[in-house]
Amino acid sequence: MTQLSKTPLYDLHLELGGKLVPFAGYEMPVQFPLGVKKEHEHTRQACGLFDVSHMGQVLIHGPTPAEALETLVSADIVGLPAGMQRYALFTAEEGGILDDLMVVNAGEHLYLVVNAACKEQDISHLRTGLGSDYRVEVVDRGLLALQGPAAASVMQRLCPAACELVFMQHGRYEIDGIAVWISRSGYTGEDGFEMSVAAEQAEALARLLLAEEEVEAIGLGARDSLRLEAGLCLYGHDIDTTTTPVEAGLIWAIGKPRRRGGERPAGFPGADLILHQVEAKDHTRKRVGLLGEGRAPVREGAELFSADDVKIGVVTSGGFGPSVGRPVAMGYVAIDQAEAGTQVFAEVRGKRLPMTVSKMPFVTPGYHRG
């Protein structure tokens with residue numbers, strides 16, 4: 001049996017009464033004594049603190065790291081200003097998605113945050129793809145996410161300068177003498193800050209944040225329901241090597257300079273197929289939001305049927321949305337069933353439950369755009 005890794009906040013999770021479960025090779029808290037539903041609601045109403053230290057944090061050093069990374073991702077990295085962060089996709093030669101990640105232009109180097117489950121393969125992919133002129137440095141750091149409408153008020157007391165950041169902006173600061181890399185971003189649909197900190201100082205930073213009255217520790221359970229309401233993909237579920245960025249509704253992650261007629265068209269794995277789908281719009285399925293009726297959640301794997309009983313797709317993420325007050329899900333359906341307002345039916349334990357194709361996100365985003 002593989003030994004599970006521990007984040008720098010492992011002991012603190014135990015102290016706080018966290019219920020630990022295996023997740024992406026780590027022992028992670030799925031919930032705290034508050035419980036998943038109340039943790040979700042507290043984040044939407046006030047402020048939650050998440051341990052995301054299981055994510056991979058990587059620095060890319062070399063002569064022209066932005067140009068080099070563009071050979072592996074579809075995003076515009078060359079045009080990313082210093083101090084800004086951008087969502088990107090590692091694509092495969094067949095057009096599928098190998099992983100999604102965040103890329104920060106940190107000046108002399110790039111700073112990447114990749115998914116925990118894909119961490120080892122992503123690092124290998126970078127080292128092979130970028131070549132010997134580039135050094136891929138894996139950094140041993142904690143990663144904490146402070147999320148919710150009260151996040152800025154908390155940060156104003158602890159690090160006022162960080163409150164000047166706008167959505168997807170990044171800076172380097174100190175909180176009570178602790179050096180912290182802070183990005184104004186997150187995975188909940190709320191305003192918030194993601195904070196990278198040396199592993200040995202992560203617990204001290206977490207305790208400072210938890211000492212603020214608005215802040216509660218939040219586990220993986222609420223993190224999942226929050227990101228689902230925000231319409232955000234989970235790699236390995238809503239996107240994977242069998243889905244293209246176009247099918248996944250992530251055309252915006254293909255930078256305009258990387259498209260046909262742009263300054264640096266293509267040049268990334270799978271570009272021919274992906275850019276053909278962008279232009280021809282001839283893909284046969286699409287990721288959509290789904291709103292259920294009543295209280296019964298529709299989970300991942302439920303098959304979807306049209307009103308005339310034809311199988312049209314599958315749910316890739318689903319549950320009850322506490323903030324929405326009804327079941328929410330996302331999944332892939334045939335293009336002719338993808339228009340908002342279309343009624344479809346999910347098969348759950350032999351019953352067909354009605355769902356309505358919906359635009360995402362399901363909640364109004366609270367991102368601070370300045």
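A residue is counted as buried when its relative accessible area is under 20%. In this predicted model, Ala230 has a relative accessible area of 9% and is therefore buried. Ala230 belongs to the loop that joins helix 7 (220–229) to helix 8. Apart from neighbours within four places in sequence, the contacts of Ala230 are with Arg44, Thr188, Gly189, Pro361 and Val363. Ile60 lies 170 residues from Ala230 along the chain, and the C-alpha atoms of the two residues are 30 Å apart.

Arg44, one of the contacts of Ala230, is also one of the buried residues of helix 2, together with Glu39, His40, His42 and Thr43. The buried residues of helix 2 pack against helix 7 and against four strands, namely strand 3 (26–31), strand 4 (47–51), strand 10 (141–147) and strand 14 (215–218).

The packing of two helices is described by the angle between their axes and the distance between the axes. For helix 2 (residues 36–45) and helix 7, the axes approach to within 8 Å and cross at roughly 50°. Helix 2 is therefore oblique to helix 7. The crossing of helix 2 past helix 7 is right-handed. On the side of helix 2, the contact involves Val36, Glu39, His40, Thr43 and Arg44, and on the side of helix 7 it involves Gly221, Ala222, Ser225, Leu226 and Glu229.

Beyond the loop that holds Ala230, helix 8 spans residues 271–280, and its buried residues are Ala271, Ile274, Leu275, Gln277 and Val278. These residues lie on the same side of helix 8, because they cover an arc of only 150° around the axis. In an α-helix there are 3.6 residues a turn, so residues three or four places apart point the same way. The buried residues of helix 8 pack against strand 6 (85–91). Lys281, just after helix 8, adopts a positive phi of about 50°.

Residues 285–363 are covered by an annotation in an unreviewed UniProt entry, "domain: Aminomethyltransferase C-terminal". This span is 57% strand and 0% helix, and its end C-alpha atoms are 24 Å apart. Val363, at the end of the annotated range, is among the residues in contact with Ala230, as is Pro361.

Methods. Residues are numbered from 1 along each chain as its sequence is written. This is a predicted model: local features need pLDDT of at least 70, side-chain atom pairs count only at pLDDT 80 or more; totals for chains, interfaces and linings use all residues. Side-chain values use heavy atoms; hydrogens and water are left out. Buried means under 20% relative accessible area, exposed over 50%, partly exposed in between (1.4 Å probe, protein chains only). Helices (H or I, at least four residues) and strands (E, at least two) are DSSP runs, numbered from the N terminus. The arc is that of the directions from the helix axis to the C-beta atoms. Contact means heavy atoms within 4.5 Å. UniProt positions are given in the numbering used here, feature names are shortened, and annotations may be inferred rather than shown by experiment. Axes are lines fitted to C-alpha atoms, for helices over the stretch in contact, and angles run from 0 to 180 degrees between N-to-C directions. Angles under 35 degrees count as roughly parallel, over 145 as roughly antiparallel, 65 to 115 as roughly perpendicular and the rest as oblique. A crossing is left-handed if the near helix is turned anticlockwise from the far one by less than a right angle, and right-handed if clockwise.
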